[in-house]
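Colleague: I've got the model open and a few labels I'd like you to justify. Can you take me through them?

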Amino acid sequence: MLKKIYFGTNLKMYKTIKETKVFLDTLTDLTKDMNREDFELFVIPSYTSLPDAVKIENRGLVHLGAQNMGWEDEGQFTGEISPVMLKELALDLVMIGHSERRHVFGETDERENWKVLAARRHGFTALLCVGETGEEKENNISDEVLRTQLKVGFKDVPAERAFDGDTPKIWVAYEPVWAIGVGGKPASAEYAETKHQVIRDCLVELFGARGEELPVLYGGSVNPQNAEELIVRRNIDGLFVGRSAWDAEKFNDLIRLARKKAGR
Ligand code: PEP
């Protein structure tokens, strides 16, 4: 069987409920001819859009996730959303440790770990984002930073919890902080591949040989110009796209381009 490739987008604090619904309807309609056996499509909208998002007509064609999650089931945590609440929406995945959570809201590796454990306890796929800052890259400590984020982030997750049967339930997004968002400079495919290899080796260290099966996605200024050279790299299993994905037609074009290059 062909190795799966993954395409997803985080809508951040963009799009109203109505805009999200239109985006999802358009995207699922445009991509409905693509065989989901070797392709995963996921979208991570705002919390307020989720109740309508899970009711879209083509729900089976897209995995839906939350951008963040509290680690306790309930309690005195004003402003937080718990795994139990997200479960009510029958979501598929929870994104944990996005660079903006870490660097704007000060989340630590330890807290990301609590969230990963809570996500797996409740059956969600945990999408852990990791990535070094520009300063850490300058200081030549990128590999150490990535290994720390992974080793702390996945602490106490046993290998069997990383899968549900054959389905990987731990996904990683490598998103160098200096490459993300407005003003970000995309990593070259060569550079990204070397860091994906570091991540891959660490996943094997943590989860044994099956660490090879866990998807590692690249994110950070992915666009139609660099998507093809990124997707063909051995350790890049998918693309996690921000700005270039928020127009459904453009995202569909990018996915088709990359899939074609990957021989699908
Ligand atoms: C992101 O913020 O996670 C991201 C990948 O954004 P962009 O593609 O816009 O750099």
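Colleague: What makes the crossing of helix 7 and helix 8 right-handed or left-handed?

Modeller: Keep in mind that this is a predicted model. A crossing is right-handed if the near helix is turned clockwise from the far one by less than a right angle, and helix 7 passes helix 8 in just that right-handed way.

Colleague: And why are helix 7 and helix 8 called oblique to each other?

Modeller: The axes of helix 7 (residues 142-153) and helix 8 (residues 189-207) cross at roughly 40° and come within 10 Å. Roughly parallel needs an angle under 35 degrees, and roughly perpendicular starts at 65. The pair fits neither, so helix 7 and helix 8 are oblique.

Colleague: How does helix 5 sit against helix 7?

Modeller: Helix 5 covers residues 109-121, and its axis comes within 8 Å of the helix 7 axis, crossing at roughly 40°. That angle makes helix 5 oblique to helix 7. The handedness of this crossing is right-handed.

Colleague: What about helix 1 and helix 10, at what angle do they pack?

Modeller: Helix 1 (residues 17-30) packs on helix 10 (residues 248-261) at about 30°, and the axes are 9 Å apart. The cut-off for roughly parallel is under 35 degrees, so helix 1 counts as roughly parallel to helix 10. Helix 1 passes helix 10 in a right-handed crossing.

Colleague: On to the ligand. How do you know which polar contacts its oxygen atoms make with Glu175, Gly181 and Gly242?

Modeller: The cut-off is 3.5 Å between N or O atoms. A ligand oxygen is 2.9 Å from an N or O atom in the Glu175 side chain. Polar backbone atoms serve for the other two: one of Gly181 is 2.8 Å from a ligand oxygen, and one of Gly242 is also 2.8 Å from a ligand oxygen. As for cover, the protein buries 98% of the 290 Å² that the ligand exposes when taken alone.

Colleague: Which residues surround the ligand, and how do they split by class?

Modeller: Among them are Lys12, His98, Ile180, Ser221, Phe240 and Arg243. The shell has 4 nonpolar, 5 polar and 3 charged residues. Gly counts as polar here, so Gly181, Gly220 and Gly242 go into that class.

How values were computed:
Residues numbered from 1 in each chain as written. Predicted model: local features only at pLDDT ≥ 70, side-chain atom pairs only at ≥ 80, totals over all residues. Heavy atoms only, no water. Near = heavy atom within 4 Å. Polar contact = N/O pair within 3.5 Å; in protein donor to acceptor, adjacent residues only side chain to side chain. Areas by Shrake-Rupley, 256 points an atom, 1.4 Å probe, with all protein chains shown as cover. Axes fitted to C-alpha atoms, helices over the stretch in contact; angles between N-to-C directions. Helix = DSSP H or I, 4+ residues; strand = E, 2+ residues; numbered from the N terminus. Parallel < 35°, antiparallel > 145°, perpendicular 65-115°, else oblique.
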